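User: I'm new to this structure and would like a close look at one part of it. Could you walk me through it in plain words, then show me a few other spots?

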Amino acid sequence: MGKGRLGESERLSLTGSEWGCLIHHMTNNAVAASGLTIRRGRKTVIDSLDLTVPRGAIIGLLGPSGSGKTTLMRAIVGVQIVAGGRVQVLGRAAGSADLRQRVGYMTQSASIYEDLSVRANLRYFARVQGAPKTDVDRVLERTDLLGQADQLARTLSGGQANRVSLAAAMLGSPDLLVLDEPTVGLDPVLRADLWGLFRRLAEEGTTLLVSSHVMDEATRCDRLLLMREGAVIADTTPRDLLASTGAASAEEAFLDIIEADTGGSGRTGRARSGRHGHSGTHLLSREGAGRDRADRTRGGRR
Amino acid sequence: MNPQRTLATTGRVLIQIRNDPRTIALLLIVPSLLIGLVAWIFDETEVFADIGPAMLALFPFIVMFLVTSIATLRERRSGTLERLLSMPLGRGDFILGYTLAFGLLAVVQTAVAVGYATLVCGLEIEGSVVLLFVVAIADALLGTALGLLASAFARTEFQVVQFMPVFVFPQILLGGIFLPRDQLPDVLEVIGDWLPLSHAIDALGAVSTGDEDDTYIWLRVLFIACWIVGAVIVGSLTLRRRTP
């Protein structure tokens with residue numbers, strides 16, 4: 001896919017139908033990033049990342065803690081300082097004013113007011129979002145929180161507080177929901193319920209970008225982006241992930257891909273299983289691989 | 001900026017305070033208790049008539065400084081500020097929303113403190129009571145604006161509380177409560193003359209004695225207002241939609 005920026009001459013030589021294709025390609029994606037680079041202090045956290053996220057699907061953003069998932073999500077929402085590159089969200093530059101009503105963001109910790117009731121929290125966020133009043137009851141019902149509506153947020157369990165945060169992100173029915181580890185710390189039943197909700201939202205046309213470090217959740221997504229050390233190391237589907245690595249579970253497959261990504265130097269002390277043949281899974285090459293390895297070696301000596 | 005979002009923020013802050021009755025009780029009772037204590041210490045002297053009005057200037061300022069700096073720090077740390085700034089909330093809506101809520105609180109607090117100081121402690125207000133409230137509100141807004149600014153430089157609650165002495169104590173020391181400003185060493189007198197709390201103390205002294213005309217007091221309020229505007233501008237620059 002042509003994610004690189006077009007040069008001036010190429011741009012002029014496009015025919016009408018090619019233009020149509022290009023526009024379709026650009027607007028058909030919920031998110032398109034090219035050359036995204038993010039630095040924190042002197043450290044480059046994300047180095048020249050390219051990415052596309054199609055509309056109307058659940059895209060899993062998987063990877064170990066510290067792999068840059070939150071940073072990438074913040075860049076998509078437009079609250080992250082970006083050192084270079086472009087991020088287009090729903091056809092506009094990430095963080096533009098008119099996207100703020102079309103993108104819902106759920107941060108990793110439940111960002112709600114502890115000293116307000118669940119309903120008061122949502123009522124305030126609804127007014128800020130410009131969502132109709134009836135939206136509060138709608139999201140309460142969809143996140144199964146009607147029973148807790150008048151409880152102070154401080155008295156909620158961690159899982160309930162997380163769902164309030166999710167409900168707040170759903171206010172105003174945004175086109176894109178960016179959910180940072182929405183199922184962390186939930187019991188299996190609640191987790192299954194939430195994934196059911198995500199599926200229904202996707203069927204209604206919402207695009208969901210859901211991060212997780214629980215690899216088993218990969219099977220519930222339509223597409224998977226595997227991140228490691230600030231790079232997307234695989235862009236695949238759950239089926240291709242399992243088929244191409246021959247692994248029995250998503251977790252195994254992920255470890256296999258990491259191993260392939262590090263050039264077979266990683267992963268010691270773990271019994272190998274499955275074959276290696278990345279036919280369906282598109283392993284992205286990246287320039288930073290050599291540098292990353294050097295970083296790891298240094299880290300190991302510390 | 002949008003009035004509906006500003007007022008939504010004001011309403012939200014007021015509900016948060018309403019859900020915390022102990023804070024309300026402390027906000028309303030503590031100033032009166034301290035004013036009563038000072039009146040008692042200087043019983044049968046003329047001192048209370050001098051420093052009583054100055055104390056009315058201190059409370060809205062100190063309390064609103066603390067409340068705002070901690071509330072804003074909590075917003076930054078809990079992630080709610082990041083959520084709000086990813087939503088269509090203007091930075092001005094956020095700041096003005098808080099300012100309105102705390103300004104309202106300051107009116108109530110000042111009413112209780114003034115009522116107690118005049119009715120119970122016998123403080124005499126010769127000048128306009130309306131002007132007294134104007135100065136107290138300006139004071140509270142100054143505390144709010146500086147508190148917002150302070151919260152930007154603090155990473156933890158411990159740090160933000162330490163900012164209180166930095167922002168507040170010099171203003172009290174140089175404001176003319178301990179020693180009239182014209183008796184201070186020259187350099188300190190000049191610094192004192194430029195600090196906003198000095199002008200609040202002057203204005204409230206003038207209100208209580210009724211010695212000066214209204215223009216004198218309005219000029220003092222204007223001076224404080226300039227500080228408020230400056231602090232709000234600098235403070236709003238510290239509220240970034242994009243953070244590292």
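How many residues does helix α6 (residues 158-170) of chain A have, and how far does the helix reach from its first C-alpha to its last?

Analyst: Sure. Keep in mind that this is a predicted model. Helix α6 of chain A, residues 158-170, has 13 residues. From first C-alpha to last, the helix reaches 19 Å, close to the 18 Å expected at 1.5 Å a residue.

Now for its surroundings. α6(A) is mostly covered, with 11 of its 13 residues buried. The buried run starts with Gln160(A), Ala161(A), Asn162(A) and Arg163(A), goes on through Val164(A), Ser165(A) and Leu166(A), and ends with Ala167(A), Ala168(A), Ala169(A) and Met170(A). What lies over these buried residues? The cover includes two strands of chain A, β6 (103-106) and β7 (176-179), along with the helices α4 and α5 (134-142) of that chain.

Just past the helix, the backbone is worth a look. α6(A) is followed by Gly172(A), which has a positive phi near 80 degrees. Then there's Ser173(A), in the loop between α6 and β7 of chain A. Ser173(A) isn't a glycine, yet its phi is positive too, at about 40 degrees. Is Ser173(A) buried or exposed? Neither label fits: it has 18 other C-beta atoms within 10 Å, and being buried takes 20 or more, so Ser173(A) is partly exposed.

Chain B has a residue of this kind as well. Glu44(B), not a glycine either, has a positive phi of about 65 degrees. Its place is the loop between α2 (21-41) and α3 (47-78) of chain B. Glu44(B) has 6 C-beta neighbours inside 10 Å, so it counts as exposed.

Back in chain A, let's try a strand. Gly60(A) sits in β3, residues 58-62. With 25 C-beta neighbours inside 10 Å, Gly60(A) counts as buried. Leaving aside residues up to four places away in sequence, Gly60(A) touches Val210(A), Ser212(A), Glu217(A), Ala218(A), Cys221(A), Leu224(A) and Leu225(A). Ser109(A), on the other hand, is 49 residues from Gly60(A) in sequence and 19 Å away in space, C-alpha to C-alpha.

Another stop in chain A is Ala260(A), which belongs to helix α9 (residues 250-261). Ala260(A) has 17 C-beta neighbours inside 10 Å and therefore counts as partly exposed. Its C-alpha is 9.6 Å from that of Ile233(A), 27 residues apart along the chain.

How do the two chains meet? 24 residues of chain A are in contact with 23 residues of chain B. On the chain A side, the largest share, 5 residues, comes from helix α4 (residues 118-129). That side divides into 11 nonpolar, 9 polar and 4 charged residues. α4 of chain A has already turned up, as part of what covers the buried residues of α6(A).

Chain B has its own helix α6, so watch the chain letter. Helix α6 of chain B (residues 129-152) packs against helix α10 of chain B (residues 214-237) at an angle of about 20 degrees, their axes 9 Å apart. An angle under 35 degrees counts as roughly parallel, and α6(B) and α10(B) are therefore roughly parallel to each other. The crossing of α6(B) past α10(B) is left-handed. Contact residues include Leu131(B), Val134(B) and Ala138(B) from α6(B), and Ile217(B), Val221(B) and Trp227(B) from α10(B). The residues of this contact divide into 20 nonpolar, 1 polar and 1 charged.

Conventions. Residues are numbered from 1 along each chain as its sequence is written. Chains are lettered from A and ligands numbered from 1 in the order in which they are written. This is a predicted model: local features need pLDDT of at least 70, side-chain atom pairs count only at pLDDT 80 or more; totals for chains, interfaces and linings use all residues. Two residues are in contact if their C-beta atoms, placed from the backbone, lie within 7 Å. Helices (H or I, at least four residues) and strands (E, at least two) are DSSP runs, numbered from the N terminus. Ala, Val, Leu, Ile, Met, Phe, Trp, Tyr, Cys and Pro count as nonpolar, Asp, Glu, Lys and Arg as charged, and the others, Gly among them, as polar. The expected span of a helix is 1.5 Å times one less than its number of residues. A residue is buried if 20 or more other C-beta atoms lie within 10 Å of its own, exposed if 12 or fewer, and partly exposed in between; C-beta atoms are placed from the backbone. Axes are lines fitted to C-alpha atoms, for helices over the stretch in contact, and angles run from 0 to 180 degrees between N-to-C directions. Angles under 35 degrees count as roughly parallel, over 145 as roughly antiparallel, 65 to 115 as roughly perpendicular and the rest as oblique. A crossing is left-handed if the near helix is turned anticlockwise from the far one by less than a right angle, and right-handed if clockwise.
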